[in-house]
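Load the model and keep your selection tool ready. The tour goes from one whole chain to a helix pair, then to an interface.

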Amino acid sequence: MTATTMTPSEAKPRKSIRWGRIALYVFLTAMSVLWLLPLVWAVYTSLRTFGDTEVNGYFSLPAAVTLQNFFDAWTQGDLLRNYIQTLEIVIPGVIITLLLASMIAFAVTKFSWRFNMGILMLFVAGNLLPQQVIIVPLYRLYLALPVPAPFSDNGTLYDTTIGVLLIHIVFQTGFCVFVLSNYMKTLSKELTEAGLVDGASVFRIWWSIILPLCRPALAALATLEFTFIYNDFFWALLLIKTGDKRPITSALNNLQGEFFTNYNLLAACSVLVAIPTIVVYILLQKQFIRGLTLGSTKG
Amino acid sequence: MTQAREDTAPDRAGLTAGRAGAVAPRRRRHYSVLTRRDKILLGLMVGIPLFLDLIFIWGPAIASVILSFTQWNGIHGLTATDWVGLGNYEKLWSSYAPFWEGVKHNVLWFLVLMFIATPIGMFFAILLDREMRGSRIYQTIFYMPVVLSLAIVGLIWQLQYSQDNGMIDSILRGFGWSTPPDWFGDPSINLWAALVAASWRHVGYIMVLYLAGLKSVDPSLREAAAIDGANGTQTYLHVVFWVMMPINTVIVVVTSIEALRAFDIAYIINHGKNGLELLSTLITNNSISEASLIGFGSAIAVVLLTISLVPIVTFLTRIMREERE
């Protein structure tokens with residue numbers, strides 16, 4: 001069809017557009033391969049045996065492909081323990097952070113107080129601070145704060161799961177307040193006002209009117225926060241001393257030392273730790289992108 | 001934007017009307033719907049998180065500043081004899097070589113992310129911002145490293161860089177280089193090697209932020225530019241880039257903060273020593289992990305805090321400006 005209607009003068013630019021397209025695809029494909037290569041190499045290394053790579057070198061075709069390294073890393077590193085620690089921090093961490101953040105965002109966007117802007121700024125700025133700026137006094141504070149026995153072995157907040165959970169909640173609330181308040185601003189004020197006129201308490205309005213409307217933003221934030229907290233290396237590294245109590249990402253610090261002599265095991269361990277966030281990302285890609293976009297473009 | 005203006009204007013009169021009742025009696029009746037209980041509840045909803053934020057973030061931030069004037073070792077209580085005034089800063093400035101190394105490395109970290117990784121991310125975003133088959137797949141791939149922790153990124157690159165077992169040196173040996181570099185071990189190059197790893201992750205992050213910005217650009221601007229005879233590159237350089245100034249600010253802020261926060265990669269490679277000193281690792285190494293020089297480490301923290309105030313204040317100013325509009 002197009003060929004018959006095309007005049008020679010039109011044909012030329014189309015041809016160059018087509019070449020442009022091809023160049024674009026070639027470039028992007030080459031870049032994609034480059035981008036995936038480190039991951040592919042890590043997986044490839046993890047599937048080979050130590051004996052195989054010892055003899056043939058790493059840059060060779062595998063003598064055999066095996067999942068043995070994954071089992072070995074799992075049992076030798078006792079990874080299950082660290083994954084459970086991660087869950088104990090990530091699940092309550094995401095839920096409590098979102099609840100607190102939505103309360104603040106609700107209060108500062110739906111009612112005007114004199115200090116609304118100041119409160120918002122305080123939370124946002126707190127989240128932007130490099131963590132290392134506050135770590136030294138925070139570490140001393142954790143050593144000084146008493147925590148009773150079932151939650152702490154040493155009687156302080158230091159070296160406890162709840163200590164790490166707490167700092168995640170406080171730190172991440174800043175980001176979520178920012179995103180949620182941007183989102184709530186787009187909701188009509190009349191909803192709140194109508195609720196108040198009908199005699200609903202502010203708690204009811206927050207819980208039954210505003211939160212359900214924020215579901216898209218909350219879903220996006222839950223996905224992002226899952227990876228933020230799961231990926232944390234710093235807080236748990238410095239606020240938890242016992243390797244067994246560290247969540248999986250921080251436990252890498254000990255595991256790296258343990259597996260240093262066997263790169264196949266180290267690779268398997270890295271892949272195991274990377275899998276949860278990659279799976280969540282592939283399943284919930286839209287949520288990721290929306291979360292980041294809400295945090296950047298509507299500010 | 002206009003909607004926001006309409007929203008905030010009557011509302012600002014709203015709660016303050018409770019106090020300035022005589023001026024607007026009708027509004028006051030309207031807002032008296034907020035019972036005492038509601039007000040207490042709202043206070044708690046903001047107050048509890050605010051309290052935690054002050055105790056666990058801003059308190060320690062201020063404490064860092066105070067402690068930086070002391071030589072506290074953390075063993076006994078803080079006493080008057082611990083005060084050293086600007087002593088820690090003098091020592092940092094004149095006799096502690098790793099400090100300047102750290103500053104240099106943080107600056108390089110910023111420059112590489114800002115002027116190499118960020119433009120690549122923007123370029124990818126521009127390429128992918130068009131109707132094309134497979135755009136989603138490319139986006140998925142470029143963004144993939146971003147969902148990984150920087151600690152994992154460090155480990156994954158250790159697998160590439162290892163002198164004996166890594167991919168890169170295996171290839172180099174294949175080309176006949178008998179002793180290829182020890183990328184993470186050699187202090188004259190390990191910062192650059194780490195920056196490659198950090199950039200691998202940063203590019204995807206910037207790409208997604210920028211792509212979202214590009215999608216929000218009013219298409220009629222592009223059409224107008226096309227009618228005026230501008231080609232794609234010209235349209236971008238003369239129109240789109242400038243329309244996207246708010247996103248550009250976010251990107252500069254995000255990149256600066258990433259550079260100041262850099263820690264995980266350096267720590268997982270060699271605990272931030274031997275060529276990978278960063279302000280962040282110097283703080284923890286001096287005050288927590290190895291030594292207990294709390295005052296000295298706090299002085300480094302204050303330097304880091306002061307620098308990070310630049311992007312933070314930039315960002316907050318932007319929010320406030322938008323809020324007013």
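What radius of gyration does chain A have, against that of a compact globule of 299 residues? Chain A has 26 Å, where such a globule would have one near 19 Å. The radius is taken over C-alpha atoms, and the globule rule is 2.2 Å times the number of residues to the power 0.38.

This is a predicted model: local features need pLDDT of at least 70, side-chain atom pairs need 80 or more, and totals for chains, interfaces and linings use all residues. Residues are numbered from 1 along each chain as its sequence is written, while chains are lettered from A and ligands numbered from 1 in the order written.

**Select chain A.** Its C-alpha atoms fill a box of roughly 70 × 70 × 30 Å along the principal axes. Colour by secondary structure: 15 helices, zero strands. (Helices are DSSP runs of H or I with at least four residues, strands runs of E with at least two, numbered from the N terminus.)

**Select residues 79-110 and 161-185 of chain A.** These are helices α5 and α8, packed at about 40° with axes 6 Å apart. Axes are lines fitted to C-alpha atoms over the stretch in contact, and angles run from 0 to 180 degrees between N-to-C directions. The pair is therefore oblique, being outside the ranges under 35, 65 to 115 and over 145 degrees.

**Add chain B.** Here 83 residues of chain B are in contact with 80 of chain A (C-beta atoms, placed from the backbone, within 7 Å). Now select residues 36-67 of chain B: helix α3 gives the most to this side of chain B, 18 residues.

Technical notes: Two residues are in contact if their C-beta atoms, placed from the backbone, lie within 7 Å.
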